[in-house]
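This report looks at the inside of a protein, going from single residues to the groups they belong to. Please keep the sequence and the 3D view at hand while reading.

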Amino acid sequence: MKNRIQMPLALIVFMCFNLLVKAQAHHKERELIVTDLVDSIYSNVQKTYRKFWVKLPENYNPSSDSKYPVVYLLDGFALKNNLVTVYDNYWGHYMPHMILVGLSNATNRTFDLTTSEIKSRHGAAFSAKTGGADQFVRFIESELIPHIDSHFPTTTHRTLIGHSYGGLFTINMLLNHAHLFNNYIAIDPSLDWDDQKLLKQCKAILASKHLENKSLFVSLAAEQLHMFDESITLENIKQDQSEFTLFARSIIEFSEFVSDEVTNGLNFSWKVYPEDLHGTVPLPSIRDGLVHVFGWYQFISPQKYNNSETTLSELNQLLKTQEEIYTKNFGYSSPPMLEELFVGYAQMFFQTGQHEKARLFINKAIEYYPNGTEAYDAMVDYYQTISDKTNAIKCATKAYEISKSTYHKDRLDALKN
C-alpha cells in the first residue's frame, strides 16, 4: 500500500469545516435529493425480481453533468456497511467519487455464484442448486448494468467485489467476461469449488488472455487455519493434503501462480490476513482492495502542491500530468482533481497569502466543473478578499443560478444588501 498523502493542517481544517458548513446550510435541499435507495428489477433472464441498493456520492448534484465510476458489490445487503464505511473514509486521495451498487444474493445464492454443478461437497451429499453463474452473468450484463447506466450518471469504469462464493464468481468474471469490469476484488474466494475446477481452468486461460488495464486483488483469512488443527500454519500448509486445508491452499496456489507466472498486463496483488476469519475479512479486504485497484489515483508529488516555492507553471504541469494519468486509467477524459480538492487547495493558498495560486485553482475548478457551485462560492471569497464586490455578486449569482438553493440565495442577497 502506498503511503497516505500528507495534507497541510490548514487544508485539513478547511475541508472539515467546509463539509460541516455545507451539511448545515444545504440540509433542506439535501432532504429533497435521494442519494441512498433500495429498488428491484424484474429479470427476464432469471424469471424473478432482483433486489439491489444504490448509494450516490456525497457531492451528487442532479443539476451537474458529472458522471461517476461504479462499484458493484455481491451479497450487497450483507456487506453494505463494510463498503460504505471504507468508501466514506477513503474517497478523495485514495479513490474517486463513485456510485455504489449492492446486489442481493439472499435467495438462491449458491446457484447464482457457483460456476459448475455439483452433487457432493466435502465428502457429503450437496442438495443445494448449483452452477448458475453463467445465467447470473447474463442478468448482470444484459439487465442490471443497463438499468443502472440508464437511471444514474455512470461512466464505463466498473469494479466488482465478491466474498466467498462471490469471490469465486468474481474471478470467473475476470477469466471469462473481463469486458464487463475494470477491477476485481475477490475476498476469500471459494476456489476449492468442484475439485478446484475454476482454478485449474485459470492457468490455461490466463496464459493466453490479455488483461492490460485490468486489476485484481485477492485476500485470504488465515485465522481459520488454526480452528481445528493448530499445527497447520501458512508455512507448512502446502504439505497438508487434507480436505480441511483445500480452501486456503486453493487461494494460495492461485495467487502464487498469478504472481509468478502471469505476464499479461494484469495489475495483481494479494494479501493474507493472519488475524481474520472468513466472516471478518471483508472489511479490511475491501479497503486494501480498493486502494490497490485505484493505486494510480493518488497524486504524484503531492508535497509540491503544499510547497510555497512551487511556481504557477509547475502547478499547471502537475495538474496536466495528473489529468493524463486519470484519463489513461479511466479510459475517458477526466479532471485532474475533485472539485472539493481544487477549492480546498485554493483556500489553503488564500490563507498563506498566495492569491495567484488560489485563483489558479478556483479557475481550474470552474473549468473542469462548470456546473458545480463550490468553485463559485470560493471565487466569491476571493473577490471579497480583494474588495471587488461587483465580481463577488456575479459569482454568487452564478452559484444560485446553478443550485437554486436557499443557501446561495441568502448569500447573494447578503452581498447585494
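## Phe294 and its contacts

The model shown here is predicted, and a convenient place to start is Phe294, which, when neighbours within four places in sequence are left aside, is in contact with Tyr94, Met95, Pro96, Met98, His157, Thr159, Asn183 and Phe330.

## Two nonpolar cores

Phe294 is also a member of the largest nonpolar core, a set of 66 residues in which Leu83, Ile161, Leu290, Phe294, Tyr305, Met337 and Phe361 touch the most other members. Helix α12, which covers residues 339-351, gives this core its largest share, namely eight residues. There is also a second core, separate from the one just described, whose 59 residues include Leu103, Leu168, Met173 and Ile251. As a general background, nonpolar side chains in soluble globular proteins tend to be buried together.

## Thr159, a buried residue in a strand

One of the contacts of Phe294 is Thr159, a residue that lies in strand β7, which runs over residues 154-163. Is Thr159 buried or exposed? Its relative accessible area is 0%, and because buried means under 20%, Thr159 counts as buried.

If residues up to four places away in sequence are not counted, Thr159 touches Val70, Val71, Tyr72, Phe181, Asn183, Ile185, Leu290 and Phe294. With Asn183 there is a polar contact as well, made between the two side chains at 3.0 Å.

## The cavities

How many cavities of 30 Å³ or more does a search of the whole structure find? The search finds two, and the largest cavity has a volume of about 40 Å³. Its lining is made up of Tyr72, Leu73, Leu74, Leu103, Ile140, Leu144, Leu160 and Phe181, and the elements that give two or more residues to this lining are β3 (68-74) and α5 (133-151).

The largest share of the lining, three residues, comes from β3. When the lining residues of this largest cavity are sorted by type, eight are nonpolar, while no polar and no charged residues are found among them.

## Tyr165, a buried residue in a helix

Tyr165 belongs to helix α6, which spans residues 165-176, and with a relative accessible area of 12% this residue is buried. Leaving aside neighbours within four places in sequence, Tyr165 is in contact with Arg109, Thr110, Leu113, Thr114, Arg121, Phe126, Ser190 and Trp193. For Trp193, which is 28 residues apart from Tyr165 along the chain, the C-alpha atoms of the pair are separated by 8.6 Å.

Definitions and conventions: Residues are numbered from 1 along each chain as its sequence is written. This is a predicted model: local features need pLDDT of at least 70, side-chain atom pairs count only at pLDDT 80 or more; totals for chains, interfaces and linings use all residues. Side-chain values use heavy atoms; hydrogens and water are left out. Helices (H or I, at least four residues) and strands (E, at least two) are DSSP runs, numbered from the N terminus. Buried means under 20% relative accessible area, exposed over 50%, partly exposed in between (1.4 Å probe, protein chains only). A polar contact is a pair of N or O atoms within 3.5 Å; within protein, one must be able to donate a hydrogen and the other to accept it, and residues adjacent in sequence count only if both atoms are side-chain atoms. Contact means heavy atoms within 4.5 Å. On a 1 Å grid over the protein atoms alone, a cavity is a set of points where a 1.4 Å probe fits but cannot get out, and a pocket is an open set with protein on both sides within 12 Å along at least five of seven lines; lining residues have an atom within 4 Å of a point. Grid points are joined across faces, edges and corners, and a volume is the space filled by probe spheres set on the points. Ala, Val, Leu, Ile, Met, Phe, Trp, Tyr, Cys and Pro count as nonpolar, Asp, Glu, Lys and Arg as charged, and the others, Gly among them, as polar. A nonpolar core is a set of buried Ala, Val, Leu, Ile, Met, Phe, Trp, Tyr and Cys residues joined through side-chain atoms within 4.5 Å.
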